[in-house]
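Student: I'd like a close look at one charged side chain, and then a walk from there through the rest of the chain. Could you take me along slowly?

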Amino acid sequence: MTAGRATQADDALSAAIERRRDELVALTQDLIRMPTLNPPGDNYLEICEYLQRRLQRHGFEVELIRAVGAPGDSGAFPRWNVIGRREGRQAGPCVHFNSHIDVVATGSGWTVDPFAGTVHDGKVYGRGACDMKG
């Protein structure tokens with residue numbers, strides 16, 4: 001790709017993100033508001049089902065797979081994986097995202113509710129906001 005094309009693509013991507021800013025902030029807030037604490041493994045199915053519904057609305061085939069036998073998986077705290085797939089219109093390279101949905105304990109020193117998804121000065125604050133939930 002030439003430098004001019006890269007700049008045009010970057011500009012187009014930035015414009016698309018800006019058009020969806022409110023939607024993306026709301027998504028981040030929704031994810032932060034689900035306290036998926038590990039340990040023990042709280043709310044995994046809830047967040048996976050949320051992501052499943054969202055991906056399906058955007059044309060993805062989605063499967064939830066329980067990670068039976070994985071560290072931490074138990075009847076009380078089952079571990080789940082979300083597998084989403086959407087075929088392109090034509091053959092080409094595959095894009096693969098691998099992430100996690102859990103957060104560790106909040107610790108001390110928070111000045112906002114770590115599970116509120118508070119927006120302040122154009123930033124979203126909460127547990128997971130600066131890693132996979134944000």
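Student: Let's start with Asp-73: does it count as buried or exposed?

Tutor: Asp-73 counts as buried, because its relative accessibility is 16% and buried means under 20% relative accessible area, with exposed over 50% and partly exposed in between (1.4 Å probe, protein chains only). Before we go on, this is a predicted model, where local features need pLDDT of at least 70 and side-chain atom pairs count only at pLDDT 80 or more, while totals for chains, interfaces and linings use all residues. Residues are numbered from 1 along each chain as its sequence is written, and side-chain values use heavy atoms, with hydrogens and water left out.

Now, what does Asp-73 pair up with? Its partner is Arg-66, and their closest N and O atoms sit 3.0 Å apart in a salt bridge (a side-chain nitrogen of Lys or Arg within 4 Å of a carboxyl oxygen of Asp or Glu). Arg-66 counts as partly exposed, at 32% relative accessibility. So this pair joins a buried Asp-73 to a partly exposed Arg-66.

How many salt bridges turn up in the whole structure? The search finds five. One of them is between Glu-18 and Arg-21, at 2.7 Å from N to O. Glu-18 is partly exposed at 45% relative accessibility, and Arg-21 is partly exposed too, at 43%. Another brings together the side chains of Glu-23 and Arg-20, with 3.0 Å from N to O. Glu-23 has 32% relative accessibility, so it counts as partly exposed; Arg-20, at 38%, is partly exposed as well. The story of Arg-20 goes further: salt bridges link Arg-20, Glu-23 and Arg-54 into a network.

Not everything on the outside is charged. Leu-13, Ile-17 and Leu-24 make a nonpolar surface patch of about 260 Å². For a patch, residues need over 30% relative accessible area and no salt bridge, with like charges joined within 9 Å and nonpolar side chains (Val, Leu, Ile, Met, Phe, Trp, Tyr) within 5 Å; areas come from the Shrake-Rupley method with a 1.4 Å probe, and for residues only the protein chains shown count as cover. Leu-13 belongs to helix H1, residues 3-19 (helices, H or I, of at least four residues, and strands, E, of at least two, are DSSP runs numbered from the N terminus). Leu-13 is exposed, since its relative accessible area is 52%.

Now go inside. The largest nonpolar core has eight residues: Leu-27, Leu-31, Met-34, Tyr-44, Ile-47, Cys-48, Tyr-50 and Ile-101. Such a core is a set of buried Ala, Val, Leu, Ile, Met, Phe, Trp, Tyr and Cys residues joined through side-chain atoms within 4.5 Å. H2 and H3 each supply at least two residues of this core, and H3 gives the largest share, four residues. Follow Ile-101 for a moment: leaving out residues up to four places away in sequence, it touches Thr-36, Tyr-44, Ile-47, Cys-48, Leu-51 and Lys-133, where a contact is heavy atoms within 4.5 Å.

The loop between helix H2 (21-32) and helix H3 (44-57) is worth a pause, and Pro-39 is found there. The peptide bond leading from Asn-38 into Pro-39 is cis, with omega near -5°. The bond joining Pro-39 and Pro-40 is cis as well, at an omega of about 10°, and Pro-40 lies in the loop between H2 and H3. That loop also holds Asn-43, which has a positive phi of about 65° although it is not a glycine. Asn-43 is partly exposed, at 30% relative accessibility.

Asp-121 is another non-glycine residue with a positive phi, near 50°. You'll find Asp-121 in the loop between strand E3 (118-120) and strand E4 (123-125), and it is exposed, with a relative accessible area of 66%.

Last stop: the cysteines. The whole structure has zero disulfides, a disulfide being a pair of cysteine sulfur atoms within 2.5 Å. For Cys-94, the nearest cysteine sulfur is that of Cys-48, 20 Å away. Cys-94 is exposed, at 70% relative accessible area, and Cys-130 is exposed too, at 80%.
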